[in-house]
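Dear colleague,

I am passing on the structure we spoke about, and would be glad if you could look it over alongside the notes that come after it.

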Amino acid sequence: MSVRVRFAPSPTGNVHIGNIRAAIFNWLFARHEGGKFLLRVEDTDRERSTQEAIDTLLGCMAWLGLDFDEPTVFQSKQCARHLAVADELVRKGLAYKDNKGGGGECVIFRMPKEGRLEYTDLVKGTIKKKAEDTQDFVIVRSDGTPVFHLSNVVDDIDMAITHVIRGDDHVENTFKHIELFKAIGAPVPLYAHLPMIVNNQGKPYSKRDGAAFVGEFKEQGYLPDALFNFLLLLGWAPGDDREVLTREEMIALFTLDRCKSSAARFDVKKLVWMNGEYIRRQPREVFEAEFVSRVQAGGLSTEGVDLAGIMEQMQIRTKFYSELPASCAYFFTDAYAFDPKAVEKRLKVEGVTALLDEVAESYAALPIFDVQTAHETLTAMGESRGTGLGSMVHPVRVAVSGLTEGPGLFEMLVLLGRDKVCARLRDVAKRLRDGSL
RNA sequence: GCGCCCAUCGUCUAUCGGUUAGGACACAAGGUUUUCAUCCUUGGAAGCGGAGUUCGACUCUCCGUGGGCGCGCCA
């Protein structure tokens with residue numbers, strides 16, 4: 001039997017990370033089994049299911065590389081079929097009409113009244129329930145529209161779905177769905193329920209807890225592969241100590257029996273780490289393309305700089321592309337911004353103005369200007385002044401970059417070049433004197 | 001209230017009856033009186049409680065406790 005799974009979201013304009021994780025697990029399962037991954041848009045709520053919402057959904061899937069194997073099914077187009085199935089169930093006596101609500105006649109499905117219901121969940125094991133603890137439920141509303149349970153099951157039958165992999169919140173519904181499959185006379189698929197993603201309080205993770213939608217992570221500069229990998233590790237582990245996995249490794253290793261059945265807390269710190277990990281592992285050409293486009297988007301030119309050297313320094317310390325170009329603008333322009341706190345702490349200090357001029361003078365006099373000579377010069381100055389290297393390094397860094405963070409100071413100076421370094425040191429000294437900084 | 005499910009470091013997790021309970025994130029210290037980052041080393045940090053089964057339970061069973069989910073003519 002060939003595996004067929006589906007991702008069945010209702011398009012609301014946002015794609016929640018819990019939902020997309022279900023898509024990821026379905027996709028990985030299909031790819032691991034050599035089966036089909038399908039998309040069904042549950043767009044029965046016509047108000048919210050706009051074309052824009054559907055585009056957002058498709059965009060998120062494409063961004064994460066979740067390609068599907070057959071044309072998208074739109075649930076709204078299957079309505080007549082759902083109702084026909086309901087009629088058939090009524091005809092067979094497996095469902096009945098009722099008008100308890102007073103709003104007209106609805107169709108209600110009969111659940112077993114005695115005995116035990118149970119099914120084997122591929123991640124949670126055997127789930128049992130007494131028939132008496134279940135209730136008949138509406139499958140067609142009195143306005144003639146089919147209810148979720150009916151539509152969902154009929155569509156799964158029509159799409160020949162073999163495994164239903166979805167969120168934990170559906171475990172109870174599964175008893176209803178299985179009875180529907182049986183009543184309709186269709187083979188019951190296998191089920192796997194994924195644990196929820198929760199916040200620090202153990203409640204379902206929502207927008208109140210931070211970024212909760214795929215689009216937000218994209219905007220904040222997360223890489224799709226980093227988000228994908230991170231979400232996979234929420235509820236699944238390969239069994240060895242690997243955490244950063246290639247897509248190929250994930251596909252090869254993914255099995256449902258390695259999924260956890262307890263809820264996972266969303267820890268953004270680990271996602272941040274993983275994003276940096278992914279940026280560092282990108283081939284230099286890929287980093288370069290993104291780096292250059294960010295720098296240029298910031299109105300900066302990459303002409304006349306040691307781009308390769310700058311990128312070498314920046315790739316290992318960039319956690320988000322959105323930090324660019326602010327974190328390295330000083331490499332590309334003399335009109336770089338000064339961090340006010342850094343100015344206060346490192347430049348507006350007794351003796352610094354003179355120090356900057358002195359450093360510029362020493363650097364200008366060097367026969368060659370490289371990492372070693374730049375370093376030695378400052379060390380020697382620190383010794384002769386009896387203040388040590390630390391008291392020189394910080395003011396110089398802030399003067400030439402405006403920031404307190406960045407590459408090693410001497411690597412940074414060499415990348416800037418002696419002329420710019422000396423000019424900036426003198427200029428900052430001047431501005432400190434005339435109070436314009 | 002009734003039903004279902006879940007429970008290992010602060011967090012994500014490994015372990016599928018016998019381990020000094022391992023790894024990662026985060027944190028702390030060191031390599032590094034130049035920051036941040038990278039890299040390396042080191043450190044602290046866990047089996048919810050109680051019974052039972054067993055020669056031996058984190059692991060199996062039961063009872064508690066705590067948490068989550070479900071109980072719509074929402075999906």
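Below are the conventions, then the surroundings of the RNA, and then one helix.

This is a predicted model, in which local features need pLDDT of at least 70 and side-chain atom pairs count only at pLDDT 80 or more, while totals for chains, interfaces and linings use all residues. Residues are numbered from 1 along each chain as its sequence is written, chains are lettered from A and ligands numbered from 1 in the order in which they are written, and side-chain values use heavy atoms, with hydrogens and water left out.

RNA strand B is surrounded by 59 residues, the closest being Arg141, Lys203, Glu243, Ile316 and Arg317 (near means that a heavy atom of the residue lies within 4 Å). Of the RNA atoms within 4 Å of the protein, 72% belong to sugar or phosphate and the rest to bases.

Three polar contacts (pairs of N or O atoms within 3.5 Å) can be described. The side chain of Lys129 places an N or O atom 2.6 Å from a sugar or linking oxygen of RNA strand B, that of Trp273 has one 3.5 Å from a phosphate oxygen, and a backbone N or O atom of Gly408 is 2.9 Å from a base oxygen.

Turning to helix H1 (a DSSP run of H or I, at least four residues, numbered from the N terminus), residues 17-33 are largely enclosed by the rest of the structure, because twelve of the 17 are buried (under 20% relative accessible area, 1.4 Å probe, protein chains only). Among the buried residues are Arg21, Asn26 and Trp27. Just after H1, Gly34 takes a positive phi of about 70 degrees.

Best regards

Notes:
Polar contact = N/O pair within 3.5 Å; in protein donor to acceptor, adjacent residues only side chain to side chain. Buried < 20%, exposed > 50% of the residue type's maximum accessible area, 1.4 Å probe, protein only. Helix = DSSP H or I, 4+ residues; strand = E, 2+ residues; numbered from the N terminus.
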